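Dear colleague,

I am passing the structure below on to you, and my notes on its cysteines and salt bridges follow it. Please read them alongside the coordinates.

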Amino acid sequence: MSTAYSDTANSDASSAKASRTWLKQQVADIRPWYRGAVGCGLLAGLATLIQMGALAWVVDRVVSSQAELVEVAGGVALMVAAIAVRALAQWGQEVYGQACGLRVKQQVRSRLLARLQQLGPVRLASRHSAGLASQLVDQVESLEGYYSRFLPQMILAALIPLLYLVVVFWLNWLAAIWLLIAAPLIPLFMALIGMGAQRLNEAQFQAVTRLSGHFLDRVRGITTLQLFGLAERSVEEVSDVAHDYRRRSLKTLRVAFLSSAVLEFFAAVSVAVVAIYIGLGLLGYIQYGPAEQLDLFSGLFILLLAPEFFQPLRTLSQHYHDRASALGAAQGLVALLEPTADEDVASERSSQERDAGEGKAVVPGAVTLVDVELRHAGRDRILGPLSLHIAAGEVVALIGPSGSGKSSLLQLVAGFIAPSAGTVRVKRDPAIAWLDQRPLIIQGTLAENLRLVAPSASDEALRSALTQAGLTPWLASAPAGLDTPLGERGIGLSGGEGQRLALARVFLSPARLVLLDEPTAALDPETERHVIAGLTRLAASGRTLIVATHHPAIMAMAGRVFAIERGRLSRVERSTSAREMNS
């Protein structure tokens with residue numbers, strides 16, 4: 001039990017350290033704006049010092065010396081100028097701070113999107129899309145307060161009170177000592193409360209990720225749930241999860257509000273003690289130390305500076321929940337951004353392959369596999385070793401029983417997964433086209449779905465691609481033409497029409513290499529005929545086609561047919577493969 005607890009504690013400490021290190025690393029790209037925020041904050045602090053000094057001098061002159069307004073005009077003008085400079089400096093601090101937060105969010109989101117692209121659809125299949133969306137939106141948004149408010153204020157909370165302390169020490173060292181004693185109490189309580197707030201924020205982010213996935217799963221399966229009479233029960237489940245998230249959110253807010261109240265209490269008590277000391281000293285009740293030297297100017301100046309001495313620390317405490325929130329978000333972001341051990345090995349192998357293949361030109365559309373093997377953790381070897389060269393413009397068919405590795409081989413060529421051994425040489429610039437049994441169709445118009453692969457394509461190019469895919473009759477019958485609305489996952493289209501829409505996207509794509517995974521599976525004969533006709537036109541356009549299929553017509557298109565069995569690749573004569581398929 002104690003060993004397990006120790007391991008958990010060490011893991012949490014390691015995770016927290018990694019999160020703090022990652023947050024510090026993001027500062028490297030925003031240093032100019034970060035320094036601008038700190039510089040403006042220091043200017044505001046200096047202007048405040050001048051403002052309070054001028055105010056104390058004016059009051060002292062008017063009360064003690066019965067000075068006229070003309071005699072203190074210089075002090076009033078200085079005070080007004082200090083107020084203006086302070087306002088401008090605070091505005092500049094806000095602007096620079098917001099720039100820090102926005103730029104960090106932009107760079108983190110860019111890295112996240114690049115990371116998701118690197119992982120590919122195979123590795124991402126183990127992660128819930130709602131959880132990824134929550135990380136990309138909510139957790140990244142939680143970083144803004146840390147960089148725009150907390151981080152600059154942390155420097156200001158150290159420098160500005162030190163500046164004020166030097167001035168107070170020059171005026172009255174006894175008052176300065178009390179401020180020096182009281183000041184550490186605020187950071188101490190901030191640290192104690194902040195540790196609990198960080199754990200609450202981590203739990204809150206995990207809860208909202210679970211809530212997102214839970215809700216999305218129920219929405220996707222609403223038809224099945226309705227058929228089995230479980231819709232009401234699902235509503236209750238989502239409600240329970242939402243109430244759990246609400247309770248966690250309120251608990252986090254309760255800690256934040258209570259911490260602010262405690263810190264405000266200590267700051268108020270400290271200012272009150274200084275005020276009592278100054279008042280009793282001016283009245284002559286305190287004879288110890290520099291109390292006898294107090295006059296209206298020094299006493300009022302110290303009294304005005306006392307709240308300002310604690311203000312940077314109080315502001316830091318108000319923003320301390322931004323730090324806790326950022327640490328909670330960083331834990332999930334670091335886990336997503338950092339490569340696993342398997343990925344490190346694959347990356348190192350890929351780097352070695354690039355070094356080995358440097359200077360060897362790769363023809364667009366050509367594919368070369370050299371002694372390629374593929375293994376998954378906890379499973380036997382799936383593919384390999386196998387070697388294959390496919391020339392640009394060639395059509396190759398892959399056949400074999402389900403689970404033999406056809407899809408895995410296509411995923412290797414596409415770069416969705418890295419080989420466990422061997423080399424894959426493919427030119428993935430400008431793109432590789434992918435077409436499987438379940439094409440992606442988004443909610444939007446027909447034109448918007450087509451322009452996913454060619455954002456700048458003209459309407460004429462869209463119509464031409466639809467014609468090549470055999471969708472001209474459907475387009476003619478659609479009243480809105482290219483502006484016909486389509487639902488998510490192809491609502492409004494039959495399975496064959498969705499497949500031909502995906503085929504039209506391939507025609508629009510500049511990709512020279514096209515990978516097709518069972519493109520005619522689960523289609524009726526008439527739709528099959530249209531899709532195969534489109535594939536024939538695609539092959540005639542000079543593109544390289546690698547097709548995993550069981551269909552004799554597609555095999556007849558291929559220049560070569562390869563069978564995959566037990567992870568090995570063997571060439572099959574066309575007549576032999578046709579007899580096998582017919583039997």
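In this predicted model, a search of the whole structure turns up zero disulfides. Two cysteines can be placed by their accessibility: Cys 40 counts as buried because its relative accessibility is 16%, and Cys 100 is likewise buried, at 0%.

The same kind of search, run for salt bridges, finds nine of them. In one, the side chains of Glu 141 and Arg 109 meet with an N to O distance of 3.1 Å, and this pair links distant parts of the chain, since Glu 141 belongs to helix H4 (residues 129-141) and Arg 109 to helix H3 (residues 73-124), 32 residues apart. Glu 141 is partly exposed at 36% relative accessibility, and Arg 109 is partly exposed at 23%.

Another salt bridge joins Arg 149 and Asp 322, whose closest N and O atoms are 3.1 Å apart; here the connection runs between helix H5 (residues 144-171), which holds Arg 149, and helix H11 (residues 320-337), which holds Asp 322, across 173 residues. Arg 149 is partly exposed, at 35%, whereas Asp 322 is buried, at 7%.

Glu 394 and Arg 560 form a further salt bridge, with 2.5 Å between the closest N and O atoms. Glu 394 sits in the loop between strand E2 (381-390) and strand E3 (395-399), while Arg 560 is in strand E10 (residues 560-565), so the pair ties together parts that are 166 residues apart in sequence. Glu 394 is buried at 17% relative accessible area, and Arg 560 is buried at 17%.

Finally, Lys 105, Arg 109, Glu 141 and Glu 144 are joined into one network by salt bridges that share partners.

With best regards

Terms used: Residues are numbered from 1 along each chain as its sequence is written. This is a predicted model: local features need pLDDT of at least 70, side-chain atom pairs count only at pLDDT 80 or more; totals for chains, interfaces and linings use all residues. Side-chain values use heavy atoms; hydrogens and water are left out. A disulfide is a pair of cysteine sulfur atoms within 2.5 Å. Buried means under 20% relative accessible area, exposed over 50%, partly exposed in between (1.4 Å probe, protein chains only). A salt bridge is a side-chain nitrogen of Lys or Arg within 4 Å of a carboxyl oxygen of Asp or Glu. Helices (H or I, at least four residues) and strands (E, at least two) are DSSP runs, numbered from the N terminus.
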